[in-house]
Amino acid sequence: MPVRGDFNVLKFETYEQYLHSFTRIEEYRYLGNKSIINALVKLGYRTNATIYEEDEFYTVKKNVLESINPKSIITTLFSIYLKGNDPALVALAEREERNMQKKLSTIIFIQMRQRSGFDTSGYIDYAASLRACSLHMLGATNWRLIFEERILLQPDRTHLSFYDWHSGTVHFNHSDNYEVMRCGTSLTFKHKGDHKIIPVTMVDNPHKDNVKRTFIRSPLYGCIILYDHIVRKPS
């Protein structure tokens, strides 16, 4: 069970560094295999302390940082590295600070052509992705490199939704801010903070006033759609 106030985790940038802190030099001499050593650490052979799994480690670290200073993870915005004037990146830069402050919650829809010639598409919780990058979480999107245009934002199986147009594979995942809801063939999201329903199709939808949908044409990304939800404070 993750301990919210375990300040010890702040000593380590990565989960690998955290596990390494429980090992001894002689273990590498006699065992040699790093995977075996890490497995022994997780079983608690070297300490009576709670040994976190990887996702628990990053969750505890995030909670501790937020308890010390809720603004500590947003002191540096990745959008300061914006190099060009691509409309999609400019729009995301304009929204970054408000998303990190939880005043605005943006969902990104993106469809990208892969080297195979087939497309993948997905819906991305922008704020959750930014926080994961700030905390150096495993597999996090590197937003600095995206704003520098050194890499492109890509749909991923860990995002709110992911669709592979070649194989027909579909993945759905809840995020820090959203629950994924399917109403028949329609995809809908529910914001965990204010419980507002965020539809992706607006025609005759009773929840359409909860979100503003913006289409943006981009030389880098073709066309992306941003779904902006102003987060209501609980009454």
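Visitor: Why is C223 called partly exposed?

Guide: This is a predicted model. In it, C223 has a relative accessibility of 29%. Buried means under 20%, and exposed means over 50%. The value for C223 lies in between, so C223 counts as partly exposed.

Visitor: What makes C133 buried?

Guide: The relative accessible area of C133 is 10%. The cut-off for buried is under 20%. C133 meets it, so C133 is buried.

Visitor: How many disulfides does a search of the whole structure find?

Guide: Zero. A disulfide needs a pair of cysteine sulfur atoms within 2.5 Å. The search covers the whole structure and finds no such pair.

Visitor: What is the overall make-up of the protein in helices and strands?

Guide: There are seven helices and nine strands. The protein has 235 residues, and 43% of them count as buried. It exposes about 13,600 Å², with 51% of that supplied by carbon and sulfur atoms. Take the contacts between residues at least 6 apart in sequence: 56% of these join residues at least 24 apart.

Visitor: What makes the phi of K102 worth a look?

Guide: Most residues other than glycine have a negative phi. K102 is not a glycine, yet its phi is positive, near 65°. K102 sits in the loop between α5 and β1.

Visitor: Is K102 buried, exposed or partly exposed, and why?

Guide: Its relative accessibility is 43%. That is neither under 20% nor over 50%, so K102 counts as partly exposed.

Visitor: Why does H195 count as exposed?

Guide: H195 has 52% relative accessibility. Exposed means over 50%, so H195 passes the cut-off. H195 lies in the loop between β6 and β7. Its phi is positive too, about 65°, although H195 is not a glycine.

Visitor: Why is W165 called partly exposed?

Guide: W165 has a relative accessible area of 45%. Exposed starts over 50% and buried ends under 20%, so W165 falls in between. Its place is the loop between β3 and β4.

Visitor: Which residues does W165 touch, leaving out those up to four places away in sequence?

Guide: They are Q111, D119, T120 and S121. A contact needs heavy atoms within 4.5 Å. S121 is 44 residues from W165 in sequence, but their C-alpha atoms are 7.8 Å apart in space.

Visitor: How many cavities of 30 Å³ or more does the structure hold?

Guide: One. The largest cavity holds about 30 Å³ of space. What makes a space a cavity is that a 1.4 Å probe fits but cannot get out.

Visitor: What classes of residue make up the lining of the largest cavity?

Guide: Eight nonpolar residues, with no polar and no charged ones. The lining is A88, L89, L92, I108, I146, L153, Y221 and I224. Ala, Leu, Ile and Tyr are among the types that count as nonpolar. Helix α5 gives the most to this lining, with three residues.

Visitor: What is the volume of the largest pocket?

Guide: About 740 Å³. Of its 29 lining residues, the closest to the centre are A128, S129, A132, M137 and T158. Helix α4 gives the largest share of the lining, five residues. By class, the lining has twelve nonpolar, ten polar and seven charged residues.

Visitor: Which strands each supply at least two residues to the lining of the second largest pocket?

Guide: They are β1, β2, β3, β4 and β6. The volume of this second largest pocket is about 300 Å³. Its lining divides into nine nonpolar, seven polar and one charged.

Conventions. Residues numbered from 1 in each chain as written. Predicted model: local features only at pLDDT ≥ 70, side-chain atom pairs only at ≥ 80, totals over all residues. Heavy atoms only, no water. Helix = DSSP H or I, 4+ residues; strand = E, 2+ residues; numbered from the N terminus. Buried < 20%, exposed > 50% of the residue type's maximum accessible area, 1.4 Å probe, protein only. Areas by Shrake-Rupley, 256 points an atom, 1.4 Å probe, with all protein chains shown as cover. 1 Å grid on protein atoms, 1.4 Å probe; cavity = no way out; pocket = protein on both sides within 12 Å on 5 of 7 lines; lining within 4 Å. Points joined across faces, edges and corners; volume = space filled by probe spheres on them.
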